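Please open the model in your viewer and keep the sequence panel beside it, since each stop on this tour begins with a selection.

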Amino acid sequence: MSLKRILCALLCALLVVSGLALAEEDKDARIAELEAQVADLQAQVDAYHLKEIVASFDGGEVSLEDAESLYETYVTMYAQYGIDIAAYGMEDMLREQVVSQLAEEAIVQYMAGQLGLGLTEEQQAAFAEQATLTYEDTVDMYYQSYFAEQYETEDEGLAAAATYLNEGGYTYEGVLESLEKTQLSTNVYDYVTADVTVSEDEIQQTYDELVAADEEAYSQSAYQFETAYSGGTTIYYTPEGYRNVKHILFQFDDDQAARYDELATRLEELEAEENAAIEAEEAAAAAEEAEEAAESETAQSEATAAPATTEDATAALGETEHRPLEDIAADIATVEAQIEEIYLEILPDAEAAIERFNNGEDIETLIAELNDDTGMPETGYAISETAEISSQPWDPAFTEGALSIEEIGGLSEPVRGVYGIHLIYYAGDLASGATPLEDVRDAVESTALQSKIAQTYADQIAAWKEELHLQTYPEHLA
């Protein structure tokens, strides 16, 4: 029995006893006195109870215990991503989030009962069976992973695993409750949104918003547009200057890829060394010019200032010694030749494909048969004629090769890239501007409908909160 009920029962008993012992004329005064005591104790009980909840509404409440459990779950989740909510000052935000989430869930569960959207007997039986399977599978997984070697018999190990999970809050009853609550929430959601439709005006408005959003995003970022296009994202706006290409990739095998990566790394090192040597020579030349200029000055003030210039230039050189540029260039040529040898190993396959294309074979047939790029979408890739290559997601060699083709329907020469050799086909130019509504109508209508469904459900939840006089107390979640 709750504390509130105990106090009420006790006070009722006192009223009876007091009534028996008092004279008739004193009973009314005593009753009034005891009623005042009852009211005072009731206020104390209510105040105590209020501290044990974080939300209340006409029909239910959310316990502090449940809120604390969910709060700690979120804290742990954030910590796994390296986020300390205290360090980031997120405690108040998280408290509000937890209380709001639990309050909405409680209201939805309450309204499921009010609207007659409870579970059928068949659903209850199915969920009981599903909960049993899920719970037993989880216990068995923990047994196999952590307890099997600690116990002589399987029964002992399973019992230990079950105890461990139960103590951590994972129980059969919890699994069943979760399944049932999810179904009730689904029932309410379906009930609220069942009749939602969108009008032509709403479809047009959504289309205009999607076009505007794409125009703003893609006009500023070639990378974003090209990755969206190749990823199969519905495109509502296309910037100017894009062509559509497809390719056949003759990819390095594992051995060739390993050799190529090693040589490419070595080439980068040599090119960095070459640049450093060039800079050193330029600095040395500048220092020599400064010294000669200082010697030619006749004025005393200029003569005394000149050595500082020479010393500064000499200091900038440091004491690092560089190999002769001709030696570095020779090493670069050697590495480049070794890289070319790897390309030559797969070049015959590419040349054979070019010959087949020139003899009239369909490019789609060749792509289906020969292409090692299994991730290429059916639409191919979008390559910009105006965007900086550095802003694009592709290997620069691929972009340059794609833009080298002069006519639609043409095939590039073998393009040497970081993955192998590309044969790139110029499929056509992409029309710039807004994609016609009729071409994307299904996607637009679906987006408009889902947005309206979400808004309709959110509006109904807000209305129920007001109708049920929801009160929240996130401050109780200390």
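Select Gln 251 together with strand 7, and the bridge partner that Gln 251 has there turns out to be Gly 420. This pair belongs to a longer ladder in a model that is predicted: strand 4, covering residues 242-251, is joined to strand 7, covering residues 420-429, by 9 bridges, and the two strands run antiparallel. Now select Arg 243, which stands opposite Asp 429 of strand 7.

Keep strand 7 highlighted and add strand 6, which pairs with strand 7 in the antiparallel sense over 2 bridges. Within this pairing, Arg 416 is placed opposite Ile 421 of strand 7, and the link between the two strands is a hairpin that passes through 3 residues. If you colour strand 7 by accessibility, you should find it mostly covered, with 8 of its 10 residues buried.

Next, return to strand 4 and add strand 5, to which strand 4 is joined by 4 bridges in an antiparallel arrangement. Tyr 242 is a convenient handle here, as its bridge partner in strand 5 is Ser 384. Looking at strand 5 from either face, you will find it covered: Tyr 381 and Ile 383 are buried on one side, and Ala 382 and Ser 384 are buried on the other.

With these strands displayed together, in what order do the 4 strands of the open sheet lie? The order is 5-4-7-6, and the pairing is antiparallel. The edges are strand 5 (381-384) and strand 6 (415-416), each of which pairs on one side only. As general background, strands of a sheet pair through backbone hydrogen bonds, either parallel or antiparallel.

Now bring in the helices that pack on this sheet. Select helix 12, residues 325-358, which touches strand 4, strand 6 and strand 7, and whose direction makes about 40° with that of strand 7. Then select helix 14, residues 396-403, which also packs on the sheet, touching strand 4, strand 5, strand 6 and strand 7, with its direction at about 80° to that of strand 5.

Move next to strand 1 and strand 2, which pair in the antiparallel sense over 4 bridges. Phe 57 stands opposite Gly 60 of strand 2, and the two strands form a hairpin with 2 residues between them, where Gly 59 in the turn has a positive phi of about 130°.

Stay on strand 1, residues 53-57, and select Ser 56, which lies in it. Is Ser 56 buried or exposed? Its relative accessibility is 18%, and because the cut-off for buried is under 20%, Ser 56 counts as buried. The side chain of Ser 56 makes a polar contact with the side chain of Tyr 473 at 3.4 Å. Leaving aside neighbours within four places in sequence, Ser 56 is in contact with Glu 61, His 469, Leu 470, Gln 471 and Tyr 473.

From that set of contacts, pick His 469, which is found in the loop between helix 15 (437-467) and strand 9 (471-472). His 469 has a positive phi of about 55° although it is not a glycine. For comparison, most residues other than glycine have a negative phi.

The next stop is the largest pocket, in which about 740 Å³ of space lies. Select Asp 66, Leu 102, Glu 105, Glu 177 and Lys 181, which are the closest to its centre of the 19 residues that line it. At least two residues of the lining come from each of strand 2 (60-63), helix 3 (64-80), helix 4 (91-114) and helix 7 (172-193). Helix 7 gives the most to this lining, with 6 residues.

While helix 3 is displayed, select Glu 68, which has its place there. Glu 68 has a relative accessible area of 38% and is therefore partly exposed. A distance label between the C-alpha atoms of Glu 68 and Val 99, which are 31 residues apart along the chain, should read 9.6 Å.

Finally, zoom out to the whole chain, which contains 15 helices and 9 strands. Of its 478 residues, 33% count as buried. Among contacts in the chain with a separation of 6 or more, 71% are accounted for by residues 24 or more positions apart.

Key. Residues are numbered from 1 along each chain as its sequence is written. This is a predicted model: local features need pLDDT of at least 70, side-chain atom pairs count only at pLDDT 80 or more; totals for chains, interfaces and linings use all residues. Side-chain values use heavy atoms; hydrogens and water are left out. Buried means under 20% relative accessible area, exposed over 50%, partly exposed in between (1.4 Å probe, protein chains only). A polar contact is a pair of N or O atoms within 3.5 Å; within protein, one must be able to donate a hydrogen and the other to accept it, and residues adjacent in sequence count only if both atoms are side-chain atoms. Contact means heavy atoms within 4.5 Å. Two strands pair if DSSP finds at least two bridges between them. Axes are lines fitted to C-alpha atoms, for helices over the stretch in contact, and angles run from 0 to 180 degrees between N-to-C directions. On a 1 Å grid over the protein atoms alone, a cavity is a set of points where a 1.4 Å probe fits but cannot get out, and a pocket is an open set with protein on both sides within 12 Å along at least five of seven lines; lining residues have an atom within 4 Å of a point. Grid points are joined across faces, edges and corners, and a volume is the space filled by probe spheres set on the points.
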